[in-house]
Amino acid sequence: MNQRIFISGLLPLLLLLSSAADGHNITHILSGHPDFSTFSHYLTVTHLAEEINRRRTITVCAVDNAAMNDLLGKHFSLDTIKNILSLHVFADYFGAKKLHQVAKGSTTTSSLFQATGEAAGTSGYVNITDMKGGKVGFTPVDSGSDNQPMATFVKSIIEEPYVISVIQISNLLSSPEAEAPVGSPTDVNVTSLMANQGCKAFSDLIVAHGDEDTFTQNLETGLTILCPEDQALNSFMPRFKNLTQDDQTSLILYHAIASFNSLGMLRAGNGLMNTLATEGAKKFDFTVQNDGDDVKIETKIVTATITGTLIDRDPLAVFKVDKVLLPAELFKAAPASPAPKPSKSKKASHADAPGPSEDDTAAADEDSSNDGGRIISGGGFIMSVCFALLVGILTAVF
């Protein structure tokens with residue numbers, strides 16, 4: 001009997017660990033709560049759910065269907081609704097206990113509206129106040145109106161300490177900045193966007209080679225751009241200048257996909273992808289591969305990692321990558337270094353030992369991010385530990 005009780009008590013712990021290994025999924029969490037179905041739906045269609053799921057520490061302030069109906073009754077555009085709902089997602093953990101123990105009775109936290117760069121100034125911050133009578137209030141820093149009712153804490157929906165907290169609040173959070181009309185992504189000047197957010201070198205390259213129209217023409221039907229960070233492209237420029245004019249154009253177009261792919265879509269849709277440079281027998285493709293929370297872009301020459309998001313609104317997504325993408329059609333993989341021949345003399349001096357060649361150094365630079373020998377990923381490791389622990393205990397008990 002004791003054995004059965006012990007095992008039955010252990011299994012929920014193992015299931016919890018295996019669930020944590022897979023990360024959180026906000027729509028799955030809310031699927032068991034029909035009162036928040038509209039809120040959950042709009043987290044999905046605005047792609048906020050993907051942003052929530054990829055973050056390690058997050059708090060989601062859900063509002064019920066009645067509050068969402070009030071919001072929808074104002075007939076805001078989908079992009080404006082996204083900005084308003086972004087105010088309801090904090091880039092920090094606030095469980096019920098922490099909310100009622102706020103230092104000095106008040107604190108200010110950053111919302112996704114602020115963290116994603118959509119908000120101007122401090123308008124993406126939210127004040128949290130531990131009020132008298134056990135109530136906790138939430139007010140956007142730039143609320144804009146004293147007549148707007150303060151949103152208060154209602155209940156905790158789910159808490160995984162210091163990972164994710166989903167709570168219900170009484171009213172919507174909003175501000176004039178969040179409610180301001182948002183231009184369509186098709187109105188965005190793509191090169192200016194990149195130039196202002198860490199990809200100026202790539203933006204200048206597009207303009208200098210007259211490829212701006214090619215990017216703009218594909219924007220209506222969907223476009224994803226992977227722009228190399230300035231430092232990566234600047235260090236690559238000597239090699240770029242050695243390419244022919246046509247090859248330079250192909251390399252630029254190789255950094256774009258002729259369809260919209262959000263970060264979540266890239267993470268879920270691992271596999272080969274064609275690019276704007278793909279034409280007939282000239283494949284100019286690469287492989288998208290997620291590695292834990294990271295999204296990798298693998299060519300046959302180099303592996304780059306997505307390091308930031310400039311915009312992610314259908315039909316346009318622009319992401320920063322830490323390396324220039326090198327297609328096999330234009331570059332050759334660095335040859336493997338031959339094994340050094342054994343010295344004929346055991347007394348050969350250290351000075352005679354061969355040093356690394358330039359090719360060796362280049363190969364090391366090219367392959368430094370390929371992680372040739374990989375350990376088990378975080379989720380797989382935890383699952384393996386859970387299974388081994390269960391088997392070991394069963395063996396010992398029985």
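Colleague: Let's start with Lys 323: between which two elements does its loop lie?
Modeller: This is a predicted model, so keep that in mind throughout. Following the chain, Lys 323 sits in a loop, with a strand on one side and a helix on the other. The two elements are strand E14 (316–321) and helix H16 (358–367).

Colleague: Is Lys 323 buried or exposed?
Modeller: The relative accessible area of Lys 323 is 16%. The cut-off for a buried residue is under 20%. So Lys 323 counts as buried.

Colleague: How far is the C-alpha atom of Lys 323 from that of Leu 226?
Modeller: Along the chain, Lys 323 and Leu 226 are 97 residues apart. In space, the separation between their C-alpha atoms is 9.8 Å.

Colleague: Leu 226 brings up its part of the chain. Which residue does Cys 227 join in a disulfide?
Modeller: The count for the model comes to one disulfide. The S to S distance in it is 2.4 Å, and a pair of cysteine sulfur atoms has to be within 2.5 Å. The partner of Cys 227 is Cys 199.

Colleague: How many residues apart in sequence are the parts that this disulfide ties together?
Modeller: Cys 199 is in the loop between helix H10 (190–196) and helix H11 (200–208). Cys 227 belongs to strand E8 (residues 223–228). The pair therefore ties together parts whose separation in sequence is 28 residues.

Colleague: Is the disulfide right-handed or left-handed?
Modeller: Look at the torsion about the S-S bond of Cys 199 and Cys 227, which is about 60°. Because of that torsion, the disulfide is right-handed.

Colleague: And is Cys 199 buried or exposed?
Modeller: Cys 199 has 0% relative accessibility. Cys 227 comes out at 0% too, and counts as buried. With under 20% as the cut-off, Cys 199 is likewise buried.

Colleague: On to helix H13. What span is expected for H13?
Modeller: H13 covers residues 230–241, which makes 12 residues. The expectation is worked out at 1.5 Å a residue, and the model comes close to it, reaching 16 Å from the first C-alpha to the last. The expected span is 16 Å.

Colleague: Why do the buried residues of H13 line one face of the helix?
Modeller: The buried residues are Ala 232, Leu 233, Phe 236, Met 237 and Phe 240. On the other side, Gln 231, Ser 235 and Pro 238 are exposed. The buried ones line one face because, seen down the helix axis, they fall within an arc of 150°.

Colleague: Which elements do those buried residues of H13 pack against?
Modeller: One of the partners is E8, the strand where Cys 227 lies. Another is helix H14 (245–253), whose own buried residues pack against H13 among other elements. The full list for H13 is H11, E8 and H14.

Colleague: What is the volume of the largest cavity?
Modeller: Rolling a probe the size of a water molecule over the atoms shows where empty space is left. The count comes to one cavity of 30 Å³ or more. Its volume is about 30 Å³.

Colleague: Which helix gives the most to the lining of that cavity?
Modeller: Among the lining residues are Leu 233, Phe 236, Phe 240, Leu 251, Ile 252 and Val 324. H11, H13 and H14 are the elements that give two or more residues to the lining. The one that gives the most, with three residues, is H13.

Colleague: Now two histidines. Is His 75 buried or exposed?
Modeller: His 75 has a positive phi of about 55° although it is not a glycine, and its place is in the loop between helix H5 (65–72) and helix H6 (78–86). Its relative accessibility is 71%. The cut-off is over 50%, so His 75 counts as exposed.

Colleague: Is His 47 buried or exposed?
Modeller: His 47 also has a positive phi, about 70°, without being a glycine, and lies in the loop between H3 and helix H4 (48–54). Its relative accessible area is 18%. That makes His 47 buried.

Colleague: Last one: which residues does Thr 38 touch, leaving out those up to four places away in sequence?
Modeller: Thr 38 is in helix H3 (residues 37–45). At 18% relative accessibility, Thr 38 counts as buried. The residues Thr 38 touches are Asn 65, Met 68 and Leu 72.

Notes. Residues numbered from 1 in each chain as written. Predicted model: local features only at pLDDT ≥ 70, side-chain atom pairs only at ≥ 80, totals over all residues. Heavy atoms only, no water. Helix = DSSP H or I, 4+ residues; strand = E, 2+ residues; numbered from the N terminus. Buried < 20%, exposed > 50% of the residue type's maximum accessible area, 1.4 Å probe, protein only. Expected span 1.5 Å × (residues − 1). Arc of directions from axis to C-beta. Contact = heavy atoms within 4.5 Å. 1 Å grid on protein atoms, 1.4 Å probe; cavity = no way out; pocket = protein on both sides within 12 Å on 5 of 7 lines; lining within 4 Å. Points joined across faces, edges and corners; volume = space filled by probe spheres on them.
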